[in-house]
Amino acid sequence: MINDSKVWLITGSSTGFGRTLAETVLEKGDKVIATARKPEQLEDLISKYPETAIALKLDVTNQAEIKAVVDSAIAKSGQIDVLVNNAGYGLIGALEEVSDEQIHRNFDTNLFGAINVIRGVLPIMRSQQSGHIINMSAIAGFTNELGFSIYGGAKFALEGVSEALQGEVAPLGIKVTIVEPGPFRTDFIGRSLDRAEEQMEAYQGTVGKFLNFLENIEGKQPGDPQKAAEAIIKVVNSDNPPLRLVLGKYAYTKFRKKIESLKTELDAWEAIAANTDFT
Ligand SMILES: NC(=O)c1ccc[n+]([C@@H]2O[C@H](COP(=O)([O-])OP(=O)(O)OC[C@H]3O[C@@H](n4cnc5c(N)ncnc54)[C@H](OP(=O)(O)O)[C@@H]3O)[C@@H](O)[C@H]2O)c1
């Protein structure tokens, strides 16, 4: 183990952001524990980087697998410097269209999966007195889209968890960054997107419109996962990393619009809302 190289643990490394990030980090000389539900999909990475890449099986909804991955990471690499909670997927449908099972499965992966991996890795980072946790949210985790109530809701919750976590672990030498991409060219809209089984006429003008938008940009999304990987690596190497890394012009525009509308609303209601304390 070269002392100044980092050990990264990345979830959901089979395709998309996780895959591109794993490859880019390995190219730059750091060590990667790449995890996937089907680790055989990572065999080419292991062949290309036999000294620095390790592939492990991890479904983030499986607590026993999380424990086994953390134990194995420590046994093989001795440390975990960067955890990237990347595994996740979208669910599109109006709140009343999606099934109970779809709602729970989405939260289990996007929220509880990430929480459980963080809780598995924290004792290691705490004992090292160093580490960086990167949580893949989405612009929908800051300003939501119609049809993403559950997916965006899980990402909003992940952001809330991350905000408090950042303050809790900063004194322990551990950093936290939330990543908020807009549409990037990965498998997100294609094979990974879960859809409501039933589509109601009542939501065609709202949720249906957003679904059309997604289907129309599939394969033409403006975001380049390679550039996202470079940006994440810059954040990890920064002395002063941000809590939020917003990726792509689409996400930046939406983020700024939300801040402005929050401010307008806050100002408009301040006289009434601020006047509710005991006098
Ligand atoms: N691309 C975008 O436009 C976009 C925008 C905002 C946020 N994001 C976020 O970026 C992250 C990565 O997605 P992506 O865009 O790179 O899409 P992707 O190419 O579909 O990759 C998703 C990854 O998550 C994995 N995954 C799903 N459920 C899992 C589970 N239970 N346990 C372990 N791994 C699981 C998938 O594994 P399998 O191969 O086994 O299915 C795959 O490796 C997600 O958190 C997503 O919400 C993406």
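In this predicted model, helices H4 and H5 each hand at least two residues to the lining of the second largest cavity. H4 is the top contributor here, with three residues. The full set of lining residues is Asn85, Asn86, Ala87, Thr109, Asn110, Ala114, Met136, Lys155 and Leu158. Sorted by class, that makes four nonpolar, four polar and one charged. The space they enclose has a volume of about 30 Å³.

That cavity has a partner, as the count of cavities of 30 Å³ or more comes to two. The largest cavity has a volume of about 70 Å³. Around its space sit Ile92, Gly93, Glu97, Arg195, Ala196, Gln199, Tyr203, Gln204, Val207, Gly208 and Leu211. This time H6 takes the largest share of the lining, with three residues. Five of the residues around the largest cavity are nonpolar, four are polar and two are charged.

Next come the pockets. As a bit of background, rolling a probe the size of a water molecule over the atoms shows where empty space is left. The largest pocket holds about 1,000 Å³ of space. Its lining runs to 48 residues, and the ones closest to the pocket centre are Asn86, Gly88, Tyr89, Phe188 and Ser192. Asn86 also turns up in the lining of the second largest cavity. Four helices, H1, H4 (100-128), H5 (149-169) and H6 (207-217), each provide at least two residues of the lining of the largest pocket. H6 has the largest share of this lining, at four residues. The mix of classes is 23 nonpolar, 16 polar and nine charged.

The second largest pocket contains about 160 Å³ of space. Its walls are built from Lys6, Asp81, Val82, Ser130, Gly131, His132, Gly173, Lys175, Val236, Asn237, Ser238 and Asp239. In this lining, two residues are nonpolar, six are polar and four are charged.

So much for the empty space; what about the packed parts? The largest nonpolar core has 28 residues, and Trp8, Leu21 and Val32 have the most contacts inside it. Elements that put two or more residues into this core are strands S1 (7-10), S2 (31-36), S4 (82-85), S6 (131-136) and S9 (244-247), along with helices H1 (16-27) and H7 (225-236). H7 gives the most, with six residues. Leu21 shows what the packing looks like from one side chain's point of view: leaving aside residues up to four places away in sequence, Leu21 touches Trp8, Ile10, Val84, Ala229, Ile232 and Ile233. There is also a second, separate core of 24 residues, with Ile66, Ile124, Ile133 and Leu165 among its members.

Zooming out, the protein is put together from eight helices and nine strands. Its radius of gyration is 20 Å, close to the 19 Å that the globule rule gives for 279 residues, so the protein is as compact as a globular protein of that length. Along the principal axes, the C-alpha trace spans about 60 × 50 × 35 Å. Buried residues account for 47% of the 279 residues. Finally, of the contacts between residues at least 6 apart in sequence, 70% link residues at least 24 apart.

Notes
Residues numbered from 1 in each chain as written. Predicted model: local features only at pLDDT ≥ 70, side-chain atom pairs only at ≥ 80, totals over all residues. Heavy atoms only, no water. Core = buried A, V, L, I, M, F, W, Y, C linked by side-chain atoms within 4.5 Å. Buried < 20%, exposed > 50% of the residue type's maximum accessible area, 1.4 Å probe, protein only. Contact = heavy atoms within 4.5 Å. 1 Å grid on protein atoms, 1.4 Å probe; cavity = no way out; pocket = protein on both sides within 12 Å on 5 of 7 lines; lining within 4 Å. Points joined across faces, edges and corners; volume = space filled by probe spheres on them. Nonpolar A, V, L, I, M, F, W, Y, C, P; charged D, E, K, R; others polar. Rg over C-alpha atoms; globule rule 2.2 N^0.38 Å.
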